[in-house]
Amino acid sequence: MSQPWDLPERAVTPPSVYLGRRRWLKWVLAAGAAAAAGAGLRRLLPGGTDEDVIKAGEVMLPGEGLYPAAPNPKFTDAGRPLTAEAEAARYTNFYEFSITKEVWRYVNTFRPHPWTVQVRGLVHRPRTFDFDELVKMFPLEERIYRHRCVEAWAMVVPWTGFPLGDLVKAVEPMTSAKYVRFASFDRPEEASRMSSRGYPWPYTEGLTIAEATNELAFLATGLYGHPLLKQHGAPIRLVVPWKYGFKSAKSVVQIEFTQERSATFWNTVQPHEYDFEANVNPSVPHPRWSQATERMLGTGERRPTLPFNGYGPWVADLYR
Ligand SMILES: Nc1nc2c(c(=O)[nH]1)N[C@H]1C(S)=C(S)[C@@H](COP(=O)(O)O)O[C@H]1N2
Ligand SMILES: [Mo]
């Protein structure tokens with residue numbers, strides 16, 4: 001029977017002695033190479049360090065003195081803890097770059113600056129805004145909002161931006177304008193999946209004028225107190241917190257006022273799964289899954305889904 005004191009020789013002898021110096025040196029070098037390969041491999045496997053996912057999306061945008069913006073006291077408490085910044089940046093939807101959630105791995109080619117936003121259609125003052133003037137023209141503020149993706153994941157994040165209604169007012173819509181259409185950028189050379197046929201690029205979304213001028217509708221240029229990361233829709237995106245996340249078009253280049261409702265991206269691709277209105281509603285299941293609960297990014301915690309994502313007091317009247 002083996003006794004504790006029957007230690008194999010190698011347990012008490014330094015490996016450089018029992019292996020011989022040359023073999024030991026070889027082993028040390030091989031182990032070092034394996035560790036280095038492991039670090040490389042880790043980049044390809046799901047995850048990425050917190051630093052990786054944030055660094056990958058950073059853009060040099062003129063933000064001097066604009067961030068962080070003053071919090072709007074009406075929207076400082078979303079009733080849930082903030083999602084960690086890296087968890088939000090790690091898990092994003094941006095089909096122009098990838099159908100995986102790891103969009104941060106694919107945005108290196110994206111150049112969201114310089115940037116213009118063209119406002120056209122049924123308005124008295126059509127205008128093309130340079131992004132740099134836009135962020136100085138409208139006072140920026142911070143709002144903590146809940147976000148609910150139609151896929152049943154959710155997050156709570158601090159956006160920086162300005163009310164969409166401010167921009168709507170500035171361009172003076174005609175009385176004939178009933179809808180607002182938002183178009184994302186169209187640059188297949190910067191976003192590889194835009195070359196894949198079968199999708200109605202560019203990404204488009206739409207709201208009624210009443211929705212677009214609701215206090216909650218927001219144009220975000222920042223998140224977590226600095227300019228938007230590429231994967232979140234730099235340099236400017238829509239945020240419509242009472243609707244499923246796909247309504248919040250990223251990297252917007254055009255806003256058009258129309259009399260008729262325009263076609264929208266997901267509604268065109270799968271009309272039976274993604275309707276135009278898309279208000280968050282726990283009692284209407286998606287054809288393939290329940291919408292009764294949601295999973296918080298980062299913690300994985302499950303929460304009951306709230307009608308209008310909890311924003312009923314602001315918007316329920318729009319739908320009566
Ligand atoms: N242009 C564009 N905008 C988009 C999308 C997209 O694929 N392309 N995905 C939408 C979806 S489904 C969601 S849930 C939100 C996600 O925003 P986030 O990735 O910044 O959390 O962006 C929306 N805006
Ligand atoms: Mo989504």
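This passage describes the surroundings of ligand 1 and the pockets and cavity of the structure. The model is a predicted one, and the values below are computed from it.

It is convenient to begin with the ligand. Ligand 1 sits in the largest pocket, which has a volume of about 440 Å³. Around ligand 1 there are 18 residues, and Y95, E96, H232, R237 and K250 come nearest. Sorted by class, this shell comprises 8 nonpolar, 7 polar and 3 charged residues.

Polar contacts give a finer view of the same site. Within the shell, K250 places a polar side-chain atom 2.6 Å from an oxygen atom of ligand 1. S184 also takes part through its side chain, with a polar atom 3.0 Å from a nitrogen atom of ligand 1. For N93 the contact is made by the backbone, where a polar atom lies 3.1 Å from an oxygen atom of ligand 1. On its own, ligand 1 has 530 Å² of accessible area, and the protein covers 98% of this.

The pocket itself can be described independently of its occupant. Its lining consists of 28 residues, with N93, C149, Y203, F246 and W266 nearest the centre of the largest pocket. N93 thus appears both in this central group and in the backbone contact to ligand 1. Strand 4, spanning residues 153-163, supplies the largest share of the lining, 3 residues. The lining of the largest pocket divides into 15 nonpolar, 8 polar and 5 charged residues.

Next comes the second largest pocket, with a volume of about 290 Å³. A set of 20 residues lines this second pocket, and Y244, D275, N279, N281 and V284 are the closest to its centre. By class, the lining of the second largest pocket holds 12 nonpolar, 5 polar and 3 charged residues.

Turning to enclosed space, the structure holds 1 cavity of 30 Å³ or more. The largest cavity has a volume of about 50 Å³. Its lining is made up of R146, H147, R148, W159, V239, V240, P241, K243, Y244, G245 and S248. Strand 3 (residues 141-148) contributes the largest share of the cavity lining, 3 residues. In terms of class, the lining of the largest cavity has 5 nonpolar, 3 polar and 3 charged residues. Y244 offers a handy link between the two sites, as it lines the largest cavity and is also among the residues closest to the centre of the second largest pocket.

Terms used
Residues are numbered from 1 along each chain as its sequence is written. Chains are lettered from A and ligands numbered from 1 in the order in which they are written. This is a predicted model: local features need pLDDT of at least 70, side-chain atom pairs count only at pLDDT 80 or more; totals for chains, interfaces and linings use all residues. Side-chain values use heavy atoms; hydrogens and water are left out. A residue is near a molecule or strand if one of its heavy atoms lies within 4 Å of it. A polar contact is a pair of N or O atoms within 3.5 Å; within protein, one must be able to donate a hydrogen and the other to accept it, and residues adjacent in sequence count only if both atoms are side-chain atoms. Accessible areas come from the Shrake-Rupley method with a 1.4 Å probe; for residues, only the protein chains shown count as cover. On a 1 Å grid over the protein atoms alone, a cavity is a set of points where a 1.4 Å probe fits but cannot get out, and a pocket is an open set with protein on both sides within 12 Å along at least five of seven lines; lining residues have an atom within 4 Å of a point. A molecule sits in a cavity or pocket if more than half of its atoms lie within 2 Å of its grid points. Ala, Val, Leu, Ile, Met, Phe, Trp, Tyr, Cys and Pro count as nonpolar, Asp, Glu, Lys and Arg as charged, and the others, Gly among them, as polar. Grid points are joined across faces, edges and corners, and a volume is the space filled by probe spheres set on the points. Helices (H or I, at least four residues) and strands (E, at least two) are DSSP runs, numbered from the N terminus.
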